[in-house]
Amino acid sequence: MSHHAVRDLAETLVSIPSHDDETAAGDRIERWLRAETDAAVRRDEAGNVIARRTPTDGSTDDSLALVGHHDVVPPADEQVDADGEYVVDERDGRLHGRGTADMKGALAAAMVAFRDAEPSVDLVFASFVGEEQGGIGAQAAIDEGFAPTWAVVTEGSTGYSAPGVTDIAVAHKGRRGSTIHTTGTAGHASRPDDAENAIYRASDAVDIVRSLDAPDATVLGTELGGSVAVTEIEGGSAWNVIPDSCSVTVDERTVPGGRVDLAAVQEIEAVEWEVDQDLPPMACGDPAFADRVLEAAADAQPGDPQQVAKPHATDAGWLAAAGTDCVVVGAAEPGEAHTSSERVSLEVVDRCYEIYRAVAESLDN
């Protein structure tokens, strides 16, 4: 019966547009929680929906949060009908449509698990806004005191160790995006020695970036490696003018405990380095919690789940930085989210419900 509830709720949530404005999706989540659970439900100023249940024998010192987000990236043309509504289609055991994989399928599983579980510790459900804009909702909630002991973040973790297997991500990379700005003096290209070429200075800075080694990290026996790459360069105004400015975009994938020393480029004259975005990595610091979630995942499926690392950032990074021990467990598989053919396996969504509920019922206070 609960699997039917999960699938119906997933289809409902996916049908609600939430790429420009998450309000309607948040309203629907809030109404469902108030109608279906006895939880204390609140909507904060950012638009996050947060609910809390306590065990029947009273509040505990520790809490587990099931965490997702209800914003999505803009849909492709074929994912919207003539009235501007999202197209939702179930076929071949998968739910198709914008937000199915990232992440309203797993979000529905978390909501029904939150309702059905007999929690062993205080149980929290949170659906954040603005995850696709860099974790706006998560940061707002943390600033207001959101600080569970543990969190299961329901981003995708299926298909990492083997096709169709829902793994447990105990770590993920972060992303630091930055820009190197260089200045010079303009001049006529026929007399290059009379000017200071900003592109040449940028080239020297790029050489430094290429010489820097990205750090590695090991989290609970799982290895992940950082990276750094120049991805854009812009400078110059005309074919016959020595440029007086240039900018270089750098994409860095960070790992827990390590960063590339990009500030080294500022050793070059007239070069400045500016951080544009810094999404933190995540490392689970509680091996017993990670093992318990892995056990629940193993019990819920025929495959052999593993503890793995994700290559990209999630809201778990913000929570981990604030002191919450996180894992990532969700239905989405690599290559499903953010595509014009976005889809999610309903069998795996059902599996996630079982995992979330089992974890909520088995943690020790």
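Student: How far apart, N to O, are the side chains of R52 and D122 in their salt bridge?
Tutor: This is a predicted model: local features need pLDDT of at least 70, side-chain atom pairs count only at pLDDT 80 or more, and totals for chains, interfaces and linings use all residues. Residues are numbered from 1 along each chain as its sequence is written, and side-chain values use heavy atoms, leaving out hydrogens and water. A salt bridge is a side-chain nitrogen of Lys or Arg within 4 Å of a carboxyl oxygen of Asp or Glu. For R52 and D122, the N to O value is 3.1 Å.

Student: How many residues apart are R52 and D122?
Tutor: Helices (H or I, at least four residues) and strands (E, at least two) are DSSP runs, numbered from the N terminus. R52 belongs to strand 2 (residues 49-53) and D122 to strand 6 (residues 122-128), so look up both strands, bearing in mind that numbering from the N terminus. The pair links distant parts of the chain, with a separation in residues of 70.

Student: Is D122 buried or exposed?
Tutor: Buried means under 20% relative accessible area, exposed over 50%, and partly exposed in between (1.4 Å probe, protein chains only). Its partner R52 has 40%, so R52 is partly exposed. D122 has a relative accessible area of 1%, so D122 is buried.

Student: Which residue meets R7 in a salt bridge?
Tutor: Side chains of opposite charge can pair when their charged atoms come close. Here R7 has a partner at 2.7 Å, N to O, and that partner is D350.

Student: How many residues apart in sequence are the parts tied together by D350 and R7?
Tutor: D350 counts as buried at 7% relative accessibility, whereas R7 counts as partly exposed at 29%. D350 lies in helix 8 (residues 346-362) and R7 in helix 1, so the separation in residues is 343.

Student: Which residue pairs with E342 in a salt bridge?
Tutor: E342 sits in the loop between strand 19 (325-328) and strand 20 (343-345), and its partner sits in the loop between strand 5 (94-96) and helix 3. E342 counts as buried at 2% relative accessibility. The N to O value is 2.5 Å, and the partner is R98.

Student: How many salt bridges does the structure hold?
Tutor: Some share partners, and in this way D27, E30, R34 and R43 are joined into one network. For the structure, the number of salt bridges is 22.

Student: How far apart are the axes of helix 1 and helix 3?
Tutor: Two packed helices are described by the angle between their axes and the distance between the axes. Axes are lines fitted to C-alpha atoms, for helices over the stretch in contact, and angles run from 0 to 180 degrees between N-to-C directions. Helix 1 (residues 2-15) and helix 3 (residues 100-116) pack at about 135 degrees, and their axes are apart by 8 Å.

Student: What word describes helix 1 relative to helix 3?
Tutor: Angles under 35 degrees count as roughly parallel, over 145 as roughly antiparallel, 65 to 115 as roughly perpendicular and the rest as oblique. The angle between helix 1 and helix 3 is about 135 degrees. That makes helix 1, relative to helix 3, oblique.
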